[in-house]
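Me: I have a structure open on my screen and no idea where to begin. Could you walk me through how to read it?

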Amino acid sequence: MKTKKLALFTGAAAIILTAGAATLTIQASAPAESLASMASTGTSGPAITIYKSPNCGCCQSWAEYLAANGFETKIVETDNLNEIKQEHGIPREMASCHTALIGDLVIEGHVPADDIVAYLENPQFNTVGLSVPGMVQGSPGMETGKKDNYQVIAFSANGQQTVFREHNDY
Ligand SMILES: [Cu+2]
């Protein structure tokens, strides 16, 4: 009698576990697609937290540009940006004015919204983040009238850096 009850209980637990696994699978495959469609409709795109110094004007412009492109932006003003960059494993040569986070993904500098969305649709294994190193004139938030060619770099924890997108003669 006792054994039978236990068997029933185990059966029920197995059903719950199976249901749980199915839910997890759906959630795991959904975000990229929904993020992309949300960003293109301009409603609520990826949530991004932007760390910037209080007096950085181009950082502010980039944040506003992302918001205009459907990103859900949150700005955190700080004077300890170097600390944040170190904490998130951003190499010196990848550094720019502001550091942003979408979940664990680092977005460093004036990265175009479309490139971020493209990356989120197709994340690459081991990537820490995307960066437009330095402060490139002509990149989003840096509209100075001059348009320099630039690259968006995907960098990984093992020090590998690959060109994710190139913006030439735009
Ligand atoms: Cu800047």
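Here is a walk through the chain, one feature at a time.

Me: What should I know before I start, and how many helices and strands are there in the chain?

Reply: Keep in mind that this is a predicted model. Its chain has 5 helices and 7 strands. Reading from the N terminus, the elements come in the order α-α-β-α-β-α-β-β-α-β-β-β.

Me: How do the strands fit together, and what is their order in the sheet?

Reply: Look at which strand pairs with which, rather than at the order in the sequence. The 7 strands form an open sheet with mixed pairing, in the order β2-β1-β3-β4-β5-β6-β7. At the edges sit β2 and β7 (161–167), each pairing on one side only. On average, neighbouring strands of the sheet are turned by 20° against each other, direction ignored.

Me: Let's take one pair. In what sense do β1 and β2 pair, parallel or antiparallel?

Reply: Parallel: β1 (residues 47–52) and β2 (residues 72–77) share 6 bridges. To find the pairing on screen, start at A47, whose bridge partner in β2 is E72. Between the two strands the chain passes through helix α3 (residues 57–68), making a right-handed β-α-β crossover.

Me: And which way does β1 pair with β3?

Reply: That pairing is antiparallel, with 3 bridges between β1 and β3 (residues 99–102). Here Y51 stands opposite T99. On from there, β3 also pairs with β4 (residues 105–109), in the antiparallel sense over 4 bridges. In β4, A100 has I107 as its bridge partner, and T99 has E108.

Me: What happens in the hairpin of β3 and β4?

Reply: There are 2 residues between the strands, and G103 in this hairpin has a positive phi near 60°.

Me: Which residues other than glycine have a positive phi?

Reply: The general idea is that most residues other than glycine have a negative phi. Two cases to look up here are N126, with phi near 80°, and D169, with phi near 45°. N126 is in the loop between α5 and β5, while D169 is in the segment after β7.

Me: Are N126 and D169 buried or exposed?

Reply: Count the C-beta atoms around each one; 12 or fewer others within 10 Å makes a residue exposed. N126 has 11, so it is exposed. D169 has 5, so it is exposed as well.

Me: Now the inside. How much of the chain is buried?

Reply: Of its 170 residues, 29% count as buried. As a general idea, nonpolar side chains in soluble globular proteins tend to be buried together. In this chain, the largest nonpolar core has 30 residues, and I48, I107, I116 and L130 have the most contacts inside it. At least two residues of this core come from each of β1, α3, β3, β4, α5, β5 (127–132) and β6 (150–156).

Me: Which residues is I107 in contact with?

Reply: Setting aside neighbours within four places in sequence, I107 is in contact with I48, A100, I102, I116, G129 and L130.

Me: How do I read a helix such as α5, and which of its residues are buried?

Reply: An α-helix has 3.6 residues a turn, so residues three or four places apart point the same way. In α5 (residues 113–121), the buried ones are A113, I116, V117 and Y119. They lie on the same side of α5, because they cover an arc of only 160° around the axis.

Me: One more residue caught my eye. Where is C56, and which residues does C56 touch?

Reply: C56 is in the loop between β1 and α3. Leaving out residues up to four places away in sequence, C56 touches C97 and H98. Although C56 and H98 are 42 residues apart along the chain, their C-alpha atoms are separated by 8.4 Å. C56 counts as partly exposed, because 17 C-beta neighbours lie inside 10 Å.

Me: How often do contacts link residues 24 or more positions apart?

Reply: Among the contacts in the chain with a separation of 6 or more, 56% are between residues 24 or more positions apart.

How values were computed:
Residues are numbered from 1 along each chain as its sequence is written. This is a predicted model: local features need pLDDT of at least 70, side-chain atom pairs count only at pLDDT 80 or more; totals for chains, interfaces and linings use all residues. A residue is buried if 20 or more other C-beta atoms lie within 10 Å of its own, exposed if 12 or fewer, and partly exposed in between; C-beta atoms are placed from the backbone. Two residues are in contact if their C-beta atoms, placed from the backbone, lie within 7 Å. Two strands pair if DSSP finds at least two bridges between them. A crossover is right-handed if, with the strands pointing away from the viewer, the path from the first strand over the helix to the second runs clockwise. Axes are lines fitted to C-alpha atoms, for helices over the stretch in contact, and angles run from 0 to 180 degrees between N-to-C directions. The arc is that of the directions from the helix axis to the C-beta atoms. A nonpolar core is a set of buried Ala, Val, Leu, Ile, Met, Phe, Trp, Tyr and Cys residues joined through C-beta atoms within 7 Å.
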